[in-house]
Amino acid sequence: MAIWPPEQIESVLDRILLKVQKPGRYTGGELNQIVKPWDSVQTHVALIFPDIYDLGLPNLGLTILYDEINRRADALAERAYAPWTDMESQMRSLGMPLYSLESKHPLQQFDILAFTLPYESLYTNVLNILDLAGLPVLAEERNERHPLVIAGGHAAFNPEPMSPFIDAFAIGEGEEIIHEIVDVYQEWKQSSETRETLWVKLAKIPGMYVPRLYEVEYHPNGTVRRIAPRVEEAPLPVVKRIVAQLPPPVTRFIVPSIDIVHNRIPIEIMRGCTRGCRFCHAGMVTRPVRERPVEEILQAIEAALEATGYEEVGLLSLASSDYTHIRELVEAVASRFGDQKITVSLPSLRIESFSVELMKELKSLKPSGGFTLAPEAASERMRRVINKYIPHEQILETARAIFSQGWTTIKLYFMIGHPEETLDDVQAIMDLCHAVLREGRRICGGRAKVHAGVSTFIPKPHTPFQWVSVDTMEQIQAKQTLLRQGLRGQGFKLNWVDPKVTLHEAWLSRGDRRIGQVILRAWQLGAKFDAWQEHFLFERWIQAFEECQLDPAFYSYRKRDLDEVLPWSHISIAVRPSYLKKEYQNSLSGTLRDDCRGQCYACGILPTFNDIRAKTPAEAWKCPPVRRKTPIKEKVTV
Amino acid sequence: MPTGAQEDPHQREGNSMSELTRYRLWYARGAELRYVSHLDMMLVWERTFRRARLPLAFSQGFNPRPRFHLASALPLGFTSLCEVADVWLIETLPPDEVQERLQRAAPPGLTLQQVEIVPLHLPALQTMVLAAEYHIEFREDAPSDVADRIAGLLEQREIIRVRREKTYDLRPLIETLTLTTSSEGDKPILLMRLSAKESATARPEEVLLALGIDPTTTRMERTRLIFQEPIPAP
Ligand code: SF4
């Protein structure tokens, strides 16, 4: 394919943009975008969210990398997203390659293409984007003239399914590793060596996983026998990267000129979670807990409001109530920004009346709709299994407080399909919803509403449930039927997830390297935008599995042996496998494990990151402080 | 003029007219904003005012909207040299300062040309617009017989067209339609003046389609708005 200069892309855009929906998705030029002269830097990085602009623009991970890379004098970062199908057909009919929004350079011209993989249903879009960029989708078919293709994000903690397409994965947090990748790339480029040399150089960066430097062997029954490095530079395991302390938050967010769903300022107040819910992937992979100081958060809000003109701020974390200075923060936000009529959202609050006080404080800024609580399970037994224990009475008490404070809608999030769950446990979900609605009726009469969002549990890699099977299609359907029958009528609303969507995610999230062939085949059969109901076709995936001679049930329904070599066992999240095993056994015996801020359970974070911990102030992490493992030499000689 | 200084600066409950100051803005919309729809542009303006910390007044009612009234909505795909809008603020500031603060907060492609305070009692801008002028460039080669097509079109007594399932006569809405060449003298350029009254507005794309020209092969710019009474020009 001939290289399209930016002028040609711009001129073709002029011709086609009035023929597509929301043309503002494809133009760039928004407030706060950064455009550097192309030739003023050595290294050009395209940051790619593999879904449409509307969903990708708010992504905080890419926003951080955009900021990090563009701070360098020797590199630039630009953005690209998946074109919606109408735009894709225009582009394909003209042979126009996918380009970056800032300078309209085709992606082929970049040095590095960096994808974020926040969830598995985006996988086929990655292939489609590589193809739209005019690149071979398979890494082994690309050469030195092609850009380096890297990926990161939460789904990349199991990199195997996407390993045929990605040259290298960055495991864990991106703030520091991205610079090391750019440095290594620059050094390699000047040396004009082979692509294999680049892979080896990248593998030496802590946290980088280069799949082609590892060999996977299988048992005849299809399970993994061994994952072994092919070269000595490839580490085993690849340990995730973390930053010792969260850097000050980004505040110059790109402000879209078209209306998109999430128009808000995202400020991460804390990273990591100490609660230890056994189903929670994010809670395991983002350890340790690191908090931002209150003043830093306030300053960031101030700066971001000024830079964007947004009216909404999201204070992000996995468990807002656990932020040490949450009361202080909320009070300061309310008093400092009280005159600006902004909406402040505080997700993931604990189910306790203190949360209602916090929300009341924030609500005074601007009234907001419902109040969300996530009990996740409703029976005593299930709460012990998943290690999210909230007494029944505490939930009702919190609900009473919410209704009494003027909210009329409570959203309750649950999951069905937890390990060992029976229909009685599902019945308990309905009973709880009814009990909450009864409380609401007593307090605010007929206006009281309960919205139940019931998703289906999918076992995730690197969690205590990584060995269990997902519910079968029939089990899920039976449970959903029960819910639909029990939660109808006035005051209730029920959302659930199509079991086919659940199974698709289940195959991919614990897939091995061979699943890559299924992804490739599904894409060739037309799969893309699998996260969109109107595009997702279950039968296409079944066909792809058949053609690749793999059994989907092997990945979803099979209970793994505790000693099995899991396909992601060469990737370490710094939480020990033995700890996960212990937690799995605890779940079977219904044993609860408390928040580890009270007592460290030695999950593995501290020994792995001992050096980093020793250098950070005691209060910066929620893990206890450590002394350096190895005594300093001089002292020994004394 | 009352300033409403005691008011909550971003209050959403709606403001009564007497406390407000009415500003008239003249501005240009460049290529960066060409694919921003009229509705999205409202959001762009609202955020620009918030960044500039200029307190917009809001309409009363269940869903208060900023009091920001355009003379004439700009269709998707157009740039413009001559947009006019009225906006009500709950604070009285010198127009120069308003202009300067807006410009600093404006997104790429939005250029403030002038800001004036105008009396509250003036009629709504959109009732004052008579006509709009457009400048149409061909991005590729223009049809060789474009001059003949124009003459043919103008000869017709009526030009019946269907838009949004409604039939209407385009002919009386075309005030002028001429062909000229670019300043470099090498490219044909269409100039048109079309009625833009509240009840009778013609869209330039419709004229192009009536001429058998695909609007996506052109670059369209609004160059002038013509008002009933002369309003102070930038
Ligand atoms: S090291 Fe201890 S305190 Fe830190 S996350 Fe693990 S269990 Fe919790």
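## A walk through chains B and A

Start by selecting chain B: of its 234 residues, 51% count as buried. Keep in mind that you are looking at a predicted model. Colour chain B by secondary structure and you should find four helices and 11 strands. Its C-alpha trace spans about 65 × 35 × 30 Å along the principal axes. If you switch on contacts with a separation of 6 or more, 72% of those in chain B join residues 24 or more positions apart.

**Stop 1: helix α3 of chain B**

Now select residues 146–155 of chain B, which form helix α3, and show side chains. Which residues are buried here? They are B:V146, B:I150 and B:L153. Turn the view to look down the axis of α3(B): the buried residues fall within an arc of 65°, so they line one face of the helix. That fits the geometry of helices, since an α-helix has 3.6 residues a turn, so residues three or four places apart point the same way. On the face turned away from that buried side, pick out B:D148 and B:E155, both exposed. To see what covers the buried residues, add β5 (129–138), β8 (174–181), β9 (188–197) and α4 (204–210) of chain B, which are among the covering elements.

**Stop 2: a salt bridge in helix α2 of chain B**

Stay in chain B and go to B:R104 and B:E100, whose side chains meet in a salt bridge at 3.2 Å, N to O. The two sit four residues apart in helix α2 (residues 95–105), separated by about one helical turn. B:R104 counts as exposed at 61% relative accessibility, whereas B:E100 is partly exposed at 41%.

**Stop 3: the domains of chain A**

Over to chain A. Give separate colours to domain 1 (6–239), domain 2 (264–366 + 594–638) and domain 3 (369–514 + 550–560). Then hide domain 1 and look at where the other two meet. The C-alpha centres of domain 2 and domain 3 of chain A lie 26 Å apart, and 18 residues of domain 2 are in contact with 29 residues of domain 3. About 2,000 Å² is buried between this pair of domains, with carbon and sulfur atoms giving 68% of that area. On the domain 2 side, select A:R278, A:F279 and A:I351: they lose the most area to domain 3, together 44% of what that side buries.

How many salt bridges cross this interface of domain 2 and domain 3 of chain A? Zero, by the rule used. Polar contacts are another matter: six residue pairs make them across the interface. Highlight α8 (281–285) and α11 (353–363) of chain A, each of which supplies at least two residues of the domain 2 side. The largest share of that side, six residues, comes from α11(A).

**Stop 4: salt bridges in chain A**

Over all chains the salt-bridge count comes to 67. For one of chain A's, select A:E180 and A:R241, whose side chains meet at 2.8 Å, N to O. A:E180 lies in helix α6 (residues 174–191) and A:R241 in the loop between β9 (238–239) and β10 (265–268), so the pair ties together parts 61 residues apart in sequence. A:E180 counts as partly exposed at 26% relative accessibility, while A:R241 is buried at 12%.

Next, try A:R350 and A:E352, which form a salt bridge at 3.8 Å, N to O. Both partners are partly exposed, A:R350 at 27% and A:E352 at 23%.

Finish by selecting A:E173, A:E175, A:E268, A:R271 and A:R290 together: they are linked in a network of salt bridges.

Definitions and conventions. Residues are numbered from 1 along each chain as its sequence is written. Chains are lettered from A and ligands numbered from 1 in the order in which they are written. This is a predicted model: local features need pLDDT of at least 70, side-chain atom pairs count only at pLDDT 80 or more; totals for chains, interfaces and linings use all residues. Side-chain values use heavy atoms; hydrogens and water are left out. Buried means under 20% relative accessible area, exposed over 50%, partly exposed in between (1.4 Å probe, protein chains only). The arc is that of the directions from the helix axis to the C-beta atoms. Contact means heavy atoms within 4.5 Å. Domain bounds come from an automatic or database domain assignment. Buried area is the accessible area (1.4 Å probe) that two parts lose on being put together, summed over both. A salt bridge is a side-chain nitrogen of Lys or Arg within 4 Å of a carboxyl oxygen of Asp or Glu. A polar contact is a pair of N or O atoms within 3.5 Å; within protein, one must be able to donate a hydrogen and the other to accept it, and residues adjacent in sequence count only if both atoms are side-chain atoms.
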